[in-house]
Amino acid sequence: MKIKCFGRMMGCMVFLMLAGNLLAENVNADGKDKDVTLATTATGYTLSASPPDSSWTFTKGFSLTGGNGWKRDSPVETSYSASYETLDNNGVTYWVDSATVFGTRISGTMYKSGGEGGSLVPWGLVAKGSMNVSTTIDPPEEYIPIGGTKKKFQYKVNGELAPGGWWQYSGTATGTTNSSNSGTHIGKEFEFPPTALPKDRYTLTASRNTAGERKAIATANIVEIKSITVTNAKKYDDKNWITPKKRATEVPETPEYVIITVELDPPVPTEKVSSVLTWAGGEAIEGNPLQRKVSRTTSAKTTVKATCGTSEKEVDIWVIWCDITIHVSGKQPAGSYPLAPTFGGGTLGRFENDTRVGAAMCLEAIVSPAGVLSVIKDGWTIKRHVMYIDWIDGNMTEGDRNDDSSDVTTKSTKKDALYDIDGPSSTVNSFKYFTESHNNFVQWIELNGDRYSSNALWTVEYKYIKTVNTMESTSYSRIYNRIYANLHINLPAAPRDY
């Protein structure tokens with residue numbers, strides 16, 4: 001008989017399923033022990049002995065030596081088998097292995113049929129381990145975005161899936177642990193995290209039983225975005241960053257890109273970043289998945305968003321530029337602050353009245369990209385530099401100075417435009433004989449102290465003489481009055497009549 005199944009309450013079929021690894025052998029007829037090699041792993045073993053052939057009969061009863069977890073099967077008088085199904089007294093064992101299961105020997109006596117009164121022949125069946133066992137968890141380390149898709153870990157024995165396993169985990173920083181005897185923590189595979197967990201570096205263990213034997217260890221990192229930083233741009237507020245458009249005339253060393261960098265916690269190796277981090281907006285930077293770049297060569301608003309599971313960070317990068325037009329004739333552009341009547345009353349160019357003589361202009365700066373002024377509202381200034389030479393009744397004054405301007409006169413979010421007005425002039429009662437003025441202006445736009453436009457040039461020169469030589473007289477004659485955009489004149493060294 002090859003398989004003995006005496007007295008098992010579950011029946012023969014069920015017994016074989018529970019046994020996991022049945023080793024049924026015919027013993028030797030010469031009285032010597034027969035060796036049996038145990039398999040590497042199984043959920044249990046049953047060692048079963050049978051006579052050498054039908055001419056032999058076992059006597060009742062048999063012995064078990066080297067127990068260490070082995071037990072004789074019932075009925076002990078006639079089963080001639082021993083099983084190993086548990087390693088500890090809690091009854092929870094998911095697999096056993098021959099390298100750590102102590103060997104065992106079942107033995108008894110037998111006789112030839114019809115000769116029971118003759119000499120008994122001993123028999124023995126010895127179980128021995130077959131090889132060393134190595135346990136691992138695959139993969140040994142994994143990176144999981146917080147709140148993202150669970151990752152599967154497999155408990156392996158010598159590279160193959162184990163019959164089962166007992167899983168536990170513990171957090172390095174948070175101290176989060178779980179080793180409850182629940183169905184989600186038992187099996188050859190384990191999906192982690194089993195429930196929502198905070199970011200941390202977790203140690204996962206899998207073992208063959210609750211005592212932690214044949215333990216294998218892996219690391220599971222639940223990752224979130226710790227911070228987002230921006231370089232080559234200025235912080236305007238928590239969401240918005242500003243930088244002027246890069247011009248062709250800038251030195252080559254001026255950065256061409258705004259760089260956005262995120263920091264992940266726990267840190268993630270470069271080759272694994274793409275598995276936990278996704279980007280929207282901007283351009284990828286080869287070799288650095290933690291960074292994104294935005295070109296400064298074109299004025300635009302770019303929203304750059306980094307996402308790691310349920311954690312995300314977002315910034316708006318504004319590459320801004322102002323295109324300036326100097327208006328010196330016609331009506332003022334709509335949206336600009338109106339000129340006072342004594343400065344032309346809304347008509348640009350030369351003005352002459354009983355109070356003043358001079359010329360008026362209006363600077364219009366179209367700001368791009370569209371909509372920028374509705375977000376980037378403060379910090380704008382229109383700068384002006386002037387070089388001039390004046391004569392009043394023969395007395396000369398000259399100068400070379402910056403900031404001959406106030407802050408932005410007006411802003412128009414409808415046109416995304418900034419405006420400034422000016423009217424270089426002399427009051428009629430400031431001279432007795434003549435007034436003469438020559439002015440070269442340069443203007444530009446600044447935002448929080450940085451330049452956001454090219455230089456815009458304009459010039460004004462005029463000369464008037466009194467027809468009645470008193471300070472109070474309002475009777476005068478124009479010699480010339482000229483205003484030009486986009487150029488400068490040579491400032492004269494002496495008064496001139498042309």
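Leu-22 stands opposite Thr-46 in β4, and this pairing is a good place to enter the structure, which is a predicted model. The strand that pairs with β4 here is β1 (residues 21–26), and the two run in the parallel sense over six bridges. Strand β4 also has a partner in β8, to which four bridges join it in an antiparallel arrangement. Within that second pairing, Ser-48 has Ser-81 of β8 as its bridge partner.

How many of the six residues of β4 are buried? Six of the six residues of this strand (residues 45–50) are buried, so β4 is largely enclosed by the rest of the structure. In a regular strand the side chains alternate between the two faces of the sheet. In β4, Tyr-45, Leu-47 and Ala-49 point one way, while Thr-46, Ser-48 and Ser-50 point the other way, and all are buried.

Attention now turns to the aromatic residues. The model holds 17 aromatic pairs. One of them is formed by Trp-70 and Tyr-84, an edge-to-face pair with 5.3 Å from centre to centre and 85° between the planes. Trp-70 lies in the loop between β6 (63–65) and β7 (71–72), whereas Tyr-84 belongs to strand β8 (residues 81–84), so the pair ties together parts that are 14 residues apart in sequence. Trp-70 is buried, with a relative accessible area of 6%, and Tyr-84 is likewise buried, at 4% relative accessibility. Elsewhere, ring pairs link a cluster made up of Tyr-155, Trp-167, Tyr-169, Phe-190, Phe-192 and Tyr-202.

Aromatic rings also meet charged side chains. The charged end of Lys-293 sits over the ring of Tyr-257, at 4.3 Å from its centre. Lys-466, in turn, lies over the face of Phe-431, 4.7 Å from the ring centre.

Salt bridges come next, and their count is 24. In one of these, Glu-213 is joined to Arg-208, with the closest N and O atoms 2.5 Å apart. The two partners differ in their surroundings: Glu-213 is partly exposed at 34% relative accessibility, whereas Arg-208 is buried, with a relative accessible area of 3%.

Another salt bridge connects Glu-314 and Lys-239, whose closest N and O atoms are 3.2 Å apart. This pair links distant parts of the chain, since Glu-314 is in strand β28 (residues 311–327) and Lys-239 in the loop between β21 (234–235) and β22 (240–244), 75 residues apart. Glu-314 is partly exposed, with a relative accessible area of 34%, and Lys-239 is also partly exposed, at 29%.

Lys-463 and Glu-436 form a further salt bridge, with 3.2 Å between the closest N and O atoms. Lys-463 lies in strand β39 (residues 456–466) and Glu-436 in strand β37 (residues 434–447), so the pair ties together parts that are 27 residues apart in sequence. Are these two charged residues buried or exposed? Both Lys-463 and Glu-436 are buried. Salt bridges with shared partners also build one network from Lys-239, Lys-301, Glu-314 and Asp-316.

A last residue to visit is Thr-302, found in strand β27 (residues 300–308). Thr-302 has a relative accessible area of 19% and counts as buried, because the cut-off for that class is under 20%. Neighbours within four places in sequence aside, Thr-302 is in contact with Gly-282, Val-294, Val-315, Asp-316 and Ile-317. Among these contacts, Asp-316 has already appeared as a member of the salt-bridge network.

Key:
Residues are numbered from 1 along each chain as its sequence is written. This is a predicted model: local features need pLDDT of at least 70, side-chain atom pairs count only at pLDDT 80 or more; totals for chains, interfaces and linings use all residues. Side-chain values use heavy atoms; hydrogens and water are left out. Buried means under 20% relative accessible area, exposed over 50%, partly exposed in between (1.4 Å probe, protein chains only). Contact means heavy atoms within 4.5 Å. Rings of Phe, Tyr and Trp (its six-membered ring) pair if their centres lie within 6.5 Å; planes under 30 degrees apart count as stacked, over 60 as edge-to-face and the rest as tilted. A charge sits over a ring if NZ of Lys or CZ of Arg is within 6 Å of the ring centre and within 35 degrees of the ring normal. A salt bridge is a side-chain nitrogen of Lys or Arg within 4 Å of a carboxyl oxygen of Asp or Glu. Two strands pair if DSSP finds at least two bridges between them.
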